[in-house]
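Visitor: I am new to reading protein structures, and I would like to take a close look at one part before moving outward from there. Could you walk me through it slowly?

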Amino acid sequence: MRRICIFCETWESGGIEAFLCNVLRHMDLSVLEVDLVAARLGESVFTQPLKDRGVRFYELSGKANETFRNHKTFRALLAQRHYDVLHLNVFQGLSLAYARLAREAGVPVRIAHSHNTDLRQSLTRWLKLELHQWARGRYGADCTHLWACSEGAARFMFAEKDLQEKGWQFIPNGIETEKFRFDPAVRLEVREKLGLSDEFAIGNVGRLCQQKNQSFLLEVLQEVVRQRPNSRLLLVGEGEELPQLQEKAAALGVADKVIFYGTTPHVERLYQAMDMFAFPSLFEGLGIVAVEAQCAGLPVFCSPYVPAEALATGRAQQLELDTKTWAQALSEAGPQDREQAAGEVQAAGFDITDTARLVAEGWAGHG
């Protein structure tokens, strides 16, 4: 039995968690012992499905910023579990320190997997970026393999010397293409439940936070409604900006046009109900929800900060973050042939079975 340690700073219901859940559900775990280790374990729609498959969960200190306690607990776990593989899923350089701890403990395969291209805005962002730059230079050598979901994510996470020495591997954030395939019967059912009859449904899936930029979408919606009064905005996700977004929707006079749906383990059904997908993120490692939306046959509009790798088909395009530009594009978006979309995404290399195979090969030390 090969023993695998998958590490995340936090475990919630975000994109990294969705990716890991999908990969593990499409791997043969009968020959693996998989531990999922996080500094903090939050509530997640992905926890129980993985527990049902035998994945064990370990929490370090319960806080992402308790570095000393987290490292001490991780050392103890390494001594207890004797892992064959460490798979770090990281969005900033300080997390690469866990690769050094693993090297010191004798873990032979130490994979750093980058899922991000920037840090979110804050008063201390400049300091965090300095620490990020320092850490990636200090700990990159402790990784045996460098993975990333896009070229931008690789160049953000790994120092140039490590990229030149080790190279990096593109790991597509694969999805279950058949699950997202357009289904007109599901569309009718979900739209009825949401109270959408002839409404034009604009969708967005992601954590309600500054990075995902749903605040901008509310401004766009205000413009769109002037041109298409039957428009609605479906926001799928939870996050710290929910109260501010609700207040802003009311202030803009579009509160009755916004559906704050929350999280769901069946987001594929909600894509069916949408007429188009808006993704104005300020930065993304990849932006897997954009791929999911394309798989469901939706026209997808992204910010320029969504990596080109996410534009898997001709159904997606990038737009500068200008309210009027987005409002015009969304207002003019017409119906598309949604039947062929899943095949297009599959052909682009984003099927989860292919991704799971790449990850399994990497865990075996061949990636």
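Visitor: Is K166 buried, partly exposed or exposed, and what relative accessible area does K166 have?

Guide: Before turning to that residue, please keep in mind that this is a predicted model. In the model, K166 is partly exposed, with a relative accessible area of 28%. The side chain of K166 forms a salt bridge with D162, and the closest N and O atoms of the pair are 3.9 Å apart. As a general matter, side chains of opposite charge can pair when their charged atoms come close. K166 and D162 are four residues apart in helix α7, which covers residues 160–166, so about one helical turn separates them. The partner has a different setting with respect to the surface, because D162, at 2% relative accessibility, counts as buried, whereas K166 is partly exposed at 28%.

From this one pair we can move outward to other salt bridges, of which the model has 27 by the rule used here. One of them joins E33 and R3, whose closest N and O atoms are 3.2 Å apart. E33 lies in strand β2 (residues 32–41) and R3 in strand β1 (residues 2–11), so this pair ties together parts that are 30 residues apart in sequence. E33 is partly exposed, with a relative accessible area of 21%. E33 and R3 also belong to a network of salt bridges, in which they are linked with D35 and R81.

Another salt bridge is the one in which the side chains of R207 and E12 meet, at 3.8 Å from N to O. Here R207 sits in the loop between β8 and α10, and E12 in the loop between β1 and α1, so the pair ties together parts that are 195 residues apart in sequence. R207 counts as partly exposed, at 37% relative accessibility.

The loop that holds R207, between β8 (200–205) and α10 (214–227), also holds N213. N213 has a positive phi of about 65 degrees, although N213 is not a glycine. To see why a careful reader might pause there, it helps to know that most residues other than glycine have a negative phi. N213 counts as buried, at 12% relative accessibility. A second residue of this kind is H82, whose phi is positive and near 50 degrees, again in a residue other than glycine. H82 is placed in the loop between α3 (67–81) and β4, and at 57% relative accessibility H82 counts as exposed. Helix α3 itself contains K72, which is exposed with a relative accessible area of 56%.

After β4 (85–90) comes another loop to look at, since L94 lies between that strand and α4 (97–104). L94 is partly exposed, with a relative accessible area of 36%. Together with W126, L127, L131 and W134, L94 makes a nonpolar surface patch of about 520 Å².

Let us now turn from the surface to the empty space inside. In general, rolling a probe the size of a water molecule over the atoms shows where empty space is left. A search of the whole structure finds one cavity of 30 Å³ or more, and the largest cavity holds about 40 Å³ of space. The lining of this cavity is made by G15, A18, F19, N22, N173, G174, I288 and E292. Two elements, α1 (15–25) and α13 (288–295), each give two or more residues to that lining, and α1 provides the largest share, with four residues. By class, the lining divides into three nonpolar residues, four polar ones and one that is charged.

Helix α13 deserves a little more attention. It is mostly covered, with eight of its eight residues buried, and those buried residues include I288 and E292, both of which also line the largest cavity. After α13 comes G297, whose phi is positive and near 85 degrees.

Finally, there are pockets to consider as well as the cavity. The second largest pocket contains about 170 Å³ of space. Its lining has 13 residues, and those nearest its centre are R187, D275, G334, P335 and Q336. By class, this lining is made of five nonpolar, three polar and five charged residues.

To return to your starting point, K166 is a partly exposed residue that forms a salt bridge with D162, a residue that counts as buried at 2% relative accessibility.

How values were computed
Residues numbered from 1 in each chain as written. Predicted model: local features only at pLDDT ≥ 70, side-chain atom pairs only at ≥ 80, totals over all residues. Heavy atoms only, no water. Patch = residues over 30% accessible without salt bridge, like charges linked within 9 Å, V, L, I, M, F, W, Y side chains within 5 Å. Areas by Shrake-Rupley, 256 points an atom, 1.4 Å probe, with all protein chains shown as cover. Salt bridge = Lys/Arg side-chain N within 4 Å of Asp/Glu carboxyl O. Buried < 20%, exposed > 50% of the residue type's maximum accessible area, 1.4 Å probe, protein only. 1 Å grid on protein atoms, 1.4 Å probe; cavity = no way out; pocket = protein on both sides within 12 Å on 5 of 7 lines; lining within 4 Å. Points joined across faces, edges and corners; volume = space filled by probe spheres on them. Nonpolar A, V, L, I, M, F, W, Y, C, P; charged D, E, K, R; others polar.
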